[in-house]
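Good morning, and thank you for coming. Today I would like to speak about salt bridges.

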Amino acid sequence: MSKQTTLNTRSAIIQVFDGFRNELDDHNDRRERLIKSSRDVTNLSKKVIFLLHRIMTDDASPEDQDDHARAARAVSKSRDKLKEIQNLFAGFSHELQGERFWRYQRAVSPGLQEYIEALSFTYYLETGRLISYHEVQKTLSDAEGNNYFPLSVEDYLLGLSDLTGELMRYAISSIPRRGGRAKANEVCAFVRNCKADFESFTPYIRDLRKKQNVTSQSLEKIEDAAYAVAVRSSEYDLPPEILDDLVSRTMSSAFGGDHGGSTRRKRPREDDQEGMEYND
């Protein structure tokens, strides 16, 4: 083989590996951008959830007993924040066109699931129902109905599963308020139905069984609180105002002032697919 042929062969090999290098650099850069965007979505979604809890419980005065008015106010403010998140999805949708979505799904899944949790909590306060797959996908589409990217069933179910923890906090925080005991029983039945419906998907969705265990804990907390209140209520023949005050003091004693419970679920970090976790 001549020297010129050897040089040409070497040049061709280097050119091929330069192409591999550029492709890997492009892949890593895109993945990092999507992870950062997913973090932004997660942070905004958490703010939406905190906003809903604050309006529905923390900001409500004893005189403000109209659940429907509070829910309407919470949903209205939440929709504005959710629109910001939807704009973020629109902004990086070009990174997930075609088969790219499935390649980078794990980079965006944490933020997407947190968004579904916030969206479903908003939807529950507005309608008292569980948001459907098609309704979630519709929020991830432009004005012409073109999807930013496909919504996987896995992300949909895992996001909804996280909703049960927020409903537990909402139910227990509502109990001291007038009408809160009925609301807690209503939420308890809803969470129980969610757990039963999700159970059939556990063999097919990774991580769903672990989230089902968390749902069971949330359901148990609501049931324990409702039972304690029912027992206390049966012991006294008191006017509703005094009974509500008694219930409030009972809840504070039972949960140490943390009506929502101290256990927080953990979610895998976006930038670490090896199993590291952090607290919400």
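Let me begin with a term: helices here are DSSP runs of H or I with at least four residues, numbered from the N terminus. Please keep in mind that the model before you is predicted. It holds 12 salt bridges, and I shall discuss three pairs.

The first pair for discussion is E186 and K183, which form a salt bridge with their closest N and O atoms 3.7 Å apart. Where do E186 and K183 lie relative to each other? Both belong to helix α7, residues 180–199, and because they are 3 residues apart there, about one helical turn separates them. As for their surroundings, K183 is buried, with a relative accessible area of 18%, whereas E186 is partly exposed at 42%.

Helix α7 also contributes E199 to a further pair. The side chains of E199 and R209 meet in a salt bridge, at 3.9 Å from N to O. R209 lies in helix α8, residues 208–235, so this pair ties together parts that are 10 residues apart in sequence. Both partners count as partly exposed: R209 has a relative accessible area of 47%, and E199 has one of 32%.

Salt bridges may also share partners, and in this way D26, R30, R33 and E95 are joined into one network. Within it, the side chains of R30 and D26 meet at 2.9 Å, N to O. These two residues are both in helix α1, residues 3–58, and stand 4 residues apart, about one turn of the helix. Is R30 buried or exposed? R30 is buried, at 7% relative accessible area, while D26 is partly exposed, at 36%.

Methods
Residues numbered from 1 in each chain as written. Predicted model: local features only at pLDDT ≥ 70, side-chain atom pairs only at ≥ 80, totals over all residues. Heavy atoms only, no water. Salt bridge = Lys/Arg side-chain N within 4 Å of Asp/Glu carboxyl O. Buried < 20%, exposed > 50% of the residue type's maximum accessible area, 1.4 Å probe, protein only.
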